[in-house]
Amino acid sequence: MKIAVLGGGNGSFAAAGDFALSGHDVRLWRRDADQVAAHRAAGSRILVKDHNGRHDVKLALVTTDIAEAVTGTELIVCPAPAFAQPDIARLLAPHLRDGQVVFLPPATFGSMIFAKAARDAGNHAKASFAETGTLPWLTRKHGPFEIAITIRAKRLPVGVFPLGQAPHALEVIGRAFPDAIEPCGDALSGALMNAGPIIHPPLIVMNAGPIEHFERWDIHREGTQAAIRRVTDALDAERITVREALGYGAPHFPLVHHYAEEGEIWMYGRGSHDRLTDSGDWRERIVLTEHRYMREDLRLGLSLLVSVAGLAGVATPLARAFLAIGGSICGENFMQGGRTLDTLGLGNLSKAELQTLLRNGY
């Protein structure tokens with residue numbers, strides 16, 4: 001299958017390398033012209049390291065031209081952080097064609113940003129937009145063109161916009177992720193599966209002292225203590241209550257299963273937390289005011305949860321508290337703006353009207 005991967009971070013390199021390792025025709029687009037030139041000079045190759053060893057794979061194309069990257073592809077995968085989505089969506093919008101599927105893993109309701117950008121560009125192609133609850137790889141770059149994949153996701157709950165095109169979208173995405181895709185309804189259901197805004201805000205806010213004291217700190221090892229886990233579970237309960245109030249059914253992929261040794265298998269499968277900490281790749285320097293855990297997961301992810309909770313009539317005191325504290329850490333007001341139904345252009349819709357849009361599209 002021909003796949004375009006957008007972005008130059010950990011997730012994008014894991015996607016490009018892993019898809020190429022699986023035999024797909026992969027085109028990688030990124031905006032940094034110097035890095036693209038260097039990558040081409042290195043043979044457009046990625047070194048993928050996983051539990052099976054080291055794999056040197058070649059990409060079909062590395063380019064700064066997004067039209068060149070996506071033309072003729074069936075699947076477009078954009079694992080870029082949510083704050084990069086508006087710019088990428090505008091660049092991609094004129095080039096989408098009938099049948100193409102844009103997959104955002106995860107997206108913080110970014111499906112609507114990409115779909116609206118296409119509409120605003122006057123592009124009426126019958127494309128689909130989908131998002132899931134986590135990045136399909138626990139991964140970190142070990143060099144400019146070298147990626148270490150610690151774990152591949154076992155279960156990926158995927159929501160599609162518009163929902164009426166879900167059968168086609170899920171079939172295309174499923175060919176890239178065999179036996180991992182699980183339909184979870186519309187794009188908002190997919191957005192409310194996002195684990196990042198649940199796991200990361202408690203870990204960075206409640207560990208702010210050691211994060212700023214030590215040169216490197218593993219929030220998943222030393223930082224994941226019983227008190228913090230209780231807060232994480234309570235924050236996750238707010239997410240699940242919002243899902244239920246909007247009529248979304250189980251499975252809700254509660255984060256407690258990520259840590260459990262028995263019960264329902266979570267997105268990364270059994271034992272993933274231990275493998276993550278054992279890798280050592282998450283013992284890292286985190287600049288609280290800049291890191292995507294703050295800028296993407298806390299600011300954008302929790303502002304979306306609070307906004308959607310308001311539509312559903314659900315209280316989210318913990319999500320609001322983390323927004324207030326995170327904003328104080330950054331010297332900003334995270335309670336304003338962020339990613340809300342208003343900023344997505346959906347704030348004037350009732351619950352029923354939003355559900356109709358999610359089902360039928362623009």
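Which side chain meets that of Lys-49 in a salt bridge? The partner is Glu-146, and the legends below place this pair among other local features of a predicted model. Local features need pLDDT of at least 70 and side-chain atom pairs count only at pLDDT 80 or more, while totals for chains, interfaces and linings use all residues. Residues are numbered from 1 along each chain as its sequence is written, and side-chain values use heavy atoms, with hydrogens and water left out.

**View 1. The salt bridge of Lys-49 and Glu-146**. The N to O distance in this pair is 2.9 Å; a salt bridge is a side-chain nitrogen of Lys or Arg within 4 Å of a carboxyl oxygen of Asp or Glu. Lys-49 belongs to strand β3 (residues 45-50) and Glu-146 to strand β10, so the salt bridge ties together parts that are 97 residues apart in sequence. Helices (H or I, at least four residues) and strands (E, at least two) are DSSP runs, numbered from the N terminus. The structure holds 20 salt bridges. Side chains of opposite charge can pair when their charged atoms come close.

**View 2. The salt bridge of Glu-74 and Arg-175**. Here the N to O distance is 2.8 Å. Glu-74 sits in the loop between α3 (66-70) and β6 (75-77), whereas Arg-175 is part of helix α6 (residues 166-176); the pair thereby links distant parts of the chain, 101 residues apart.

**View 3. The interface of domain 1 and domain 2**. Domain 1 covers 2-192 and domain 2 covers 195-360, with bounds that come from an automatic or database domain assignment. Their C-alpha centres lie 22 Å apart. In domain 1, 40 residues are in contact with 39 residues of domain 2 (heavy atoms within 4.5 Å). About 3300 Å² is buried between the two domains, and carbon and sulfur atoms give 64% of this area; buried area is the accessible area (1.4 Å probe) that two parts lose on being put together, summed over both. Arg-140, Arg-155 and Leu-192 supply 23% of what domain 1 buries against domain 2, more than any other three residues.

**View 4. Polar and charged pairs across the domain interface**. Two salt bridges are found between domain 1 and domain 2. Glu-284 forms a salt bridge with Arg-140, and their closest N and O atoms are 3.2 Å apart. Between the domains, 20 residue pairs are in polar contact, both residues at pLDDT 80 or more. A polar contact is a pair of N or O atoms within 3.5 Å; within protein, one must be able to donate a hydrogen and the other to accept it, and residues adjacent in sequence count only if both atoms are side-chain atoms.

**View 5. The side of domain 1 that touches domain 2**. Elements that each supply at least two residues to this side include α4 (85-92), α5 (110-120), β10 (146-152) and β12 (181-186). The largest share, five residues, comes from β9.

**View 6. Two cis peptide bonds**. One cis bond joins Phe-161 and Pro-162, with omega about -10 degrees; Pro-162 lies in the loop between β11 and α6. Another joins Ala-250 and Pro-251, with omega about 5 degrees. Pro-251 is placed in the loop between α10 (226-245) and α11 (256-259).

**View 7. The backbone at Thr-108**. Phi of Thr-108 is near 55 degrees, a positive value in a residue other than glycine. The residue is located in the loop between β7 (101-104) and α5.
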